[in-house]
Amino acid sequence: MSQTRAEQKGYYRLLRNEKVQEDVLVDEIVGRCRRSTRNKVVLAIQDTTEINLSNHRNRIKYDQSLGPINDNFDGIGFKVHPSLVIDAQTYYPYGYSAIDIWTRLHQKEALSEYRHRRLNVSEKETRIWLQSNDKTYTNLSECKAVVIIQDREGDFYEQFATARQDGKFYLLIRSNHNRMLPEGIKLLDYIDQQPVIGHYTTKLSSEKEGKPRKEREATIEVKIGKVRLKKPQKKDVCVPSCSVTLTLIEAKEVNPSGKNPVLWRLYTTWPVESFEDACQAIEWYSCRWFVEEVFKVLKKECFDIESSELESGWAVRKLTIMMLDTIIKLFQMLVSYNMAEGEVPDTETMFDEKEIECLERINRQVQGNTKKLSNPFDKTKLPWAFWILARIGGWKGYGSQRKPGAATLIHGLSKFYVLYQGFAMEKDVGTQ
């Protein structure tokens with residue numbers, strides 16, 4: 001980003017400045033998301049990742065900004081738990097309804113599994129999921145409906161016992177425990193007894209939760225059932241009994257031909273009365289890959305935050321928040337490139353008038369002499385800018401070539417802002 005040593009020092013000082021607080025950065029990001037999602041049906045996808053800075057332990061200042069990242073206390077870093085908000089129909093990303101960053105205590109009493117289970121949820125890291133829910137309730141209160149999506153870590157009793165029943169906020173959480181139901185039957189036994197209500201086919205990607213898998217077409221059978229959860233005996237008396245009725249959805253691959261067959265069991269408070277409703281909930285849960293892609297861009301491709309050589313943990317944390325915001329802008333362009341014509345956002349939602357003028361000049365240079373190498377998009381729509389940025393980022397522009405990804409787009413943005421600086425200087429000189 002820096003063109004001079006002075007600019008570089010300025011950025012360092014900005015990130016180290018105690019007046020530049022994490023909460024202020026997050027509030028600004030969340031505020032934009034709140035304004036963009038009014039009267040919309042959205043998905044709020046939660047997950048946790050860790051930023052491992054162990055390779056910098058001999059250089060980085062080890063203070064309250066950092067802590068152990070595993071139970072063996074042999075690594076340092078911090079945890080990040082965003083709630084990514086996307087449109088429930090188009091899957092266009094709006095931003096975040098919450099971003100939580102925290103560290104574990106430097107010294108932690110070793111507890112047996114029995115004692116840990118009997119702790120109140122407020123004393124566990126599990127509380128982050130409920131805190132993120134509360135922030136989502138507040139920050140997305142003007143939405144038409146919000147479906148909160150969580151993976152298996154979100155399957156704990158307090159989650160359902162405190163679920164909202166106001167017709168606006170809903171839960172969609174993957175099951176992780178074979179619970180005892182009030183009827184005296186185990187959860188898995190109950191779902192095994194339910195009839196199959198339909199089948200659908202889908203193409204499975206070549207990777208599943210980090211495990212290699214051959215790409216294939218799979219047939220999925222779907223079951224649904226209505227359940228109430230029994231309050232575990234170990235729960236504190238202050239924890240309310242679960243009064244909400246949950247729909248349990250099972251999506252199971254039939255006659256799997258490869259490793260790691262599909263088997264999802266999902267709890268939801270969203271109304272599910274038919275096979276189509278169940279398929280909609282399953283598709284929404286599959287959108288969890290969006291937040292995984294956010295972590296991938298943040299930690300591996302493109303930004304590689306864990307390689308940062310900043311010497312302050314507080315600075316790395318604030319830089320992480322800024323990067324999460326930038327990733328949303330990248331994904332907005334990536335998603336808009338594949339959206340239906342009537343749903344595509346305008347170019348001016350991301351670029352101002354002078355930047356669009358600069359993009360026009362670049363567009364004339366990167367277009368070829370044939371129709372195949374011409375920008376096919378409307379200048380007023382975001383895919384037009386995406387096509388230009390992808391071209392200067394290294395994409396050849398041919399339809400037979402794989403679509404450009406986040407790394408190509410970041411290279412294009414970096415080059416664009418260098419070109420834009422020269423463009424702006426030319427404008428300034430020309431008006432003097």
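Q: How many disulfides does a search of the whole structure find?
A: Zero. The model is predicted: local features need pLDDT of at least 70, side-chain atom pairs count only at pLDDT 80 or more, and totals for chains, interfaces and linings use all residues. Residues are numbered from 1 along each chain as its sequence is written, and side-chain values use heavy atoms, without hydrogens and water.

Q: Why is C33 not bonded to C143?
A: A disulfide is a pair of cysteine sulfur atoms within 2.5 Å. The closest cysteine sulfur to that of C33 is in C143, 7.3 Å away, so the gap is too far for a bond. C143 is likewise in no disulfide.

Q: Why is C33 called buried?
A: Buried means under 20% relative accessible area, exposed over 50%, partly exposed in between (1.4 Å probe, protein chains only). C33 has 0% relative accessibility, so C33 counts as buried. C143, at 3%, is buried too.

Q: What makes the link between the side chains of S97 and S83 a polar contact?
A: The two side chains are joined at 2.8 Å. A polar contact is a pair of N or O atoms within 3.5 Å; within protein, one must be able to donate a hydrogen and the other to accept it, and residues adjacent in sequence count only if both atoms are side-chain atoms.

Q: Why does S97 count as buried?
A: Its relative accessibility is 0%, so S97 qualifies.

Q: Which residues does S97 touch, beyond those up to four places away in sequence?
A: Contact means heavy atoms within 4.5 Å. The partners of S97 include C33, S83, V85 and L140.
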